[in-house]
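The following exercises train the reading of a protein fold. Please examine the sequence and the structure before attempting them.

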Amino acid sequence: MKTNGYDALQRTLRIKPAGRFPNCENDRYVDGLLFPSVTPSFRLPKKSRVFTIGSCFARNIEEALEGYDLPTTRFSVPETEWSGRPNGLLNEYNPHAIAQRIGWAVEGRDTSIIEGVYAGSETRTRDMLLAVGEPVTRERAVQRRNEIDAVYAELIGSDAVIITLGLVECWFDKANGLFLNRMPDPIDMRREKDRYEFHRLDATDTVDALLPAFQALIDAGVQRVVLTVSPVPLQTSFTGMDCVVANAYSKAALLLAANQIAGRFQGKVDYFPSYEIVMSGGLRSFGSDNVHVRNQIVKRVISYMMETYQ
């Protein structure tokens, strides 16, 4: 970013005191957390239909939102298919998976007929478009995709969309030209060594993946999008790097990309600093696994978001 020095000074003065990093006596420092100043481009009044897309932090957001119509909470699977959150199969972690899902929803595509990403057998099928879930019969896998398509049919009619970016490490299936939402089975990778590619996206890759999806979403009539980055860390890295370092890279790339995308769609896409708020509290913001954000912290973050956007 290059700009006239005088203009930069004027911008700083306009947002004073937010232009300076807050100390412990600043009113943006509350109970060990920093709350960055946010200027919303739009409002999200109660009873609005809000569609959430993204990593498991999107599920955290749903649970903390009160008084809104949330289509993704109407989807669930039995515990035999997934013992976590009933709608956890909706998680989309990497930018390409998110972009594909948005594109399919805008097109009204029947994803149940996308072949080649059903792995396993007729009786024990793993759906590679889903991040989690136990193997099911092929019939059930097809039925479940239809159920997910029905949820995403409500995306375009939503008043707002909240998109949470999770990580930049992903797998590409060259046979189908699709990015997967989970790692391929090692047995399949040994059997077909040239079929799968591992990708670690940088900020430019992330922007390139997401821009067409955001444009399609806006062209379809969705004019209010809140874009944020999940504070939940990368739990396994396939780069050969220490996972702590790989996670820092992942979040840095996503943060840069998210801000660039918001800049491209000013007035329609806002960046909200969920990541910055949670991480300002350090590891105290997380449970004993250092992965999942404490419920009270999530509630504080979403409460601040709603106070800002209502």
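**Exercise 1.** Determine which residues Leu 65 touches, and place Leu 65 in its core.

*Solution.* Step 1: leaving aside residues up to four places away in sequence, Leu 65 touches Val 50, Leu 70, Ile 162, Ile 302 and Met 306 (contact means heavy atoms within 4.5 Å). Step 2: Leu 65 is among the residues with the most contacts inside the largest nonpolar core, which has 82 residues; others of this group include Ile 53, Val 161 and Phe 214. Such a core is a set of buried Ala, Val, Leu, Ile, Met, Phe, Trp, Tyr and Cys residues joined through side-chain atoms within 4.5 Å, where buried means under 20% relative accessible area (1.4 Å probe, protein chains only). Step 3: another core, of ten residues, lies apart from it and includes Ile 114 and Tyr 196.

The model is predicted: local features need pLDDT of at least 70, side-chain atom pairs count only at pLDDT 80 or more, and totals for chains, interfaces and linings use all residues. Residues are numbered from 1 along each chain as its sequence is written, and side-chain values use heavy atoms, without hydrogens and water.

**Exercise 2.** In what order do the four strands of the open sheet lie?

*Solution.* Step 1: the order is E3-E6-E10-E11, with parallel pairing (strands are DSSP runs of E, at least two residues, numbered from the N terminus; two strands pair if DSSP finds at least two bridges between them). Step 2: strand E3 (50-54) and strand E11 (269-271) are the edges, each pairing on one side only. Step 3: five bridges join E6 (residues 160-165) to E10 (residues 225-229), and Val 161 stands opposite Val 225 in E10.

Conventions. Buried < 20%, exposed > 50% of the residue type's maximum accessible area, 1.4 Å probe, protein only.
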